[in-house]
Amino acid sequence: GSVSGLLLANAVVESESQASILPTTGGTVLSIHRDEGDVVKRGDLLAVLDNVSLDANAERANAELVRLEQQVKRTRELADQGVVSRRELEDLEYQLSTARTSDREASSTFGETRLVAPFDGVVAARDVRVGEYAGASVVAFQIVDLSALRVVASLPERDLATVRLGQSAK
């Protein structure tokens, strides 16, 4: 007759795609928009943090940019009339270039206080609460994609010879 063997092993089912969402900057949690078990789409808002210094830096950089743009415009008109030296105009244009860079940098960090889902999936864990401080080293959310799962089993070395690629498992 036929002979069969039974191999028992512990296994873990895990997602092929999973992400730990960490704030890129620290801040107080203002609001939470998703909880454990919620289905999310890429870009869905998970939580909002409050970081006053990021917002203030963006506003300050933008105000400086606007001020320098106006000053360069006026100085350019005066330079065309010969009232202001070309060297003074070049110095202001350099300051304007630096201000544009600062504004781009500050604008890119503006909104970093919004935690969003990186892909479609399910919120597997939420480790932040409204009112608490969420730092850049603390995992705020865990997102998993349940459409692509895998099973990871641990086998003793003595049983490896009995397992082959493509073999069915239950």
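The legends below describe close-up views of a predicted model.

**View 1. The four-stranded open sheet that contains strand E9.**
Four strands make up this open sheet, in the order E2-E9-E7-E4, and their pairing is antiparallel. The edges are formed by E2 and by strand E4, which covers residues 39-40, and each of these edge strands pairs on one side only. Within the sheet, E2 and E9 pair in the antiparallel sense over four bridges, and strand E7, which spans residues 121-126, also pairs with E9 in the antiparallel sense over four bridges. Individual residues can be followed across these pairings: Ile 21 stands opposite Phe 141 in E9, while Ala 125 has Gln 142 in E9 as its bridge partner, and Val 123 has Ile 143 in E9 as its bridge partner.

**View 2. The side chains of strand E9.**
Which residues of E9 point one way, and which point the other way? Phe 141 and Ile 143 point one way from the strand, whereas Gln 142 and Val 144 point the other way, and all of them are buried.

**View 3. Phe 141 and its surroundings.**
Phe 141 is found in strand E9, and this residue counts as buried because its relative accessibility is 0%. A residue that is distant along the chain can still be found beside Phe 141 in the fold, as Ser 20 shows: the two residues are 121 residues apart along the chain, yet their C-alpha atoms are separated by 5.9 Å. Leaving aside residues up to four places away in sequence, Phe 141 touches a set of residues that includes Ala 19, Ser 20 and Ile 21, as well as Ile 32, Arg 34, Leu 46, Ala 47 and Leu 115. Val 123, Ala 125, Arg 126 and Val 128 are also among the residues that Phe 141 touches.

**View 4. Ile 143 and its surroundings.**
Ile 143 is likewise found in strand E9, and Ile 143 counts as buried because its relative accessibility is 0%. From C-alpha to C-alpha, Ile 143 and Asp 120 are 8.5 Å apart in space, although 23 residues apart in sequence. When residues up to four places away in sequence are not counted, the residues touched by Ile 143 include Ser 17, Gln 18, Ala 19 and Ile 21, together with Val 40, Leu 46 and Pro 118. Phe 119, Gly 121, Val 122 and Val 123 also belong to the residues that Ile 143 touches.

**View 5. The largest nonpolar core.**
This core has 15 residues, of which Ile 21, Leu 46, Leu 115, Phe 141 and Ile 143 touch the most other members. Strand E2 (18-21), strand E5 (45-50) and strand E9 (141-144) each supply at least two of the residues in this core, and the largest share, three residues, comes from E5. Apart from this core lies another one, of eight residues, among them Val 72, Ala 79, Leu 89 and Leu 92. Returning to the largest core, one of its members, Leu 115, touches Ile 21, Leu 22, Pro 23, Asp 44, Leu 45, Leu 46, Ala 47, Ala 140 and Phe 141, when residues up to four places away in sequence are not counted.

**View 6. The open sheet that contains strands E3 and E5.**
This open sheet of four strands has the order E6-E5-E3-E8, with antiparallel pairing. Strand E6 (114-116) and strand E8 (133-134) are the edge strands, and each of them pairs on one side only. Strand E3, made of residues 27-32, pairs with E5 in the antiparallel sense over four bridges, and E3 pairs with E8 in the antiparallel sense over two bridges. Which residues are the bridge partners of Thr 28 in E5 and in E8? The bridge partner of Thr 28 in E5 is Asp 50, and its bridge partner in E8 is Tyr 133. In E5, Ala 47 is the bridge partner of Ile 32.

**View 7. The largest pocket and its lining.**
The largest pocket has a volume of about 750 Å³. Its lining consists of 16 residues, of which Leu 7, Gln 167, Ser 168, Ala 169 and Lys 170 lie nearest the centre of the pocket. How many residues of this lining are nonpolar, polar and charged? The lining divides into ten nonpolar residues, four polar residues and two charged residues.

How values were computed
Residues numbered from 1 in each chain as written. Predicted model: local features only at pLDDT ≥ 70, side-chain atom pairs only at ≥ 80, totals over all residues. Heavy atoms only, no water. 1 Å grid on protein atoms, 1.4 Å probe; cavity = no way out; pocket = protein on both sides within 12 Å on 5 of 7 lines; lining within 4 Å. Points joined across faces, edges and corners; volume = space filled by probe spheres on them. Nonpolar A, V, L, I, M, F, W, Y, C, P; charged D, E, K, R; others polar. Core = buried A, V, L, I, M, F, W, Y, C linked by side-chain atoms within 4.5 Å. Buried < 20%, exposed > 50% of the residue type's maximum accessible area, 1.4 Å probe, protein only. Contact = heavy atoms within 4.5 Å. Pairing = 2+ DSSP bridges.
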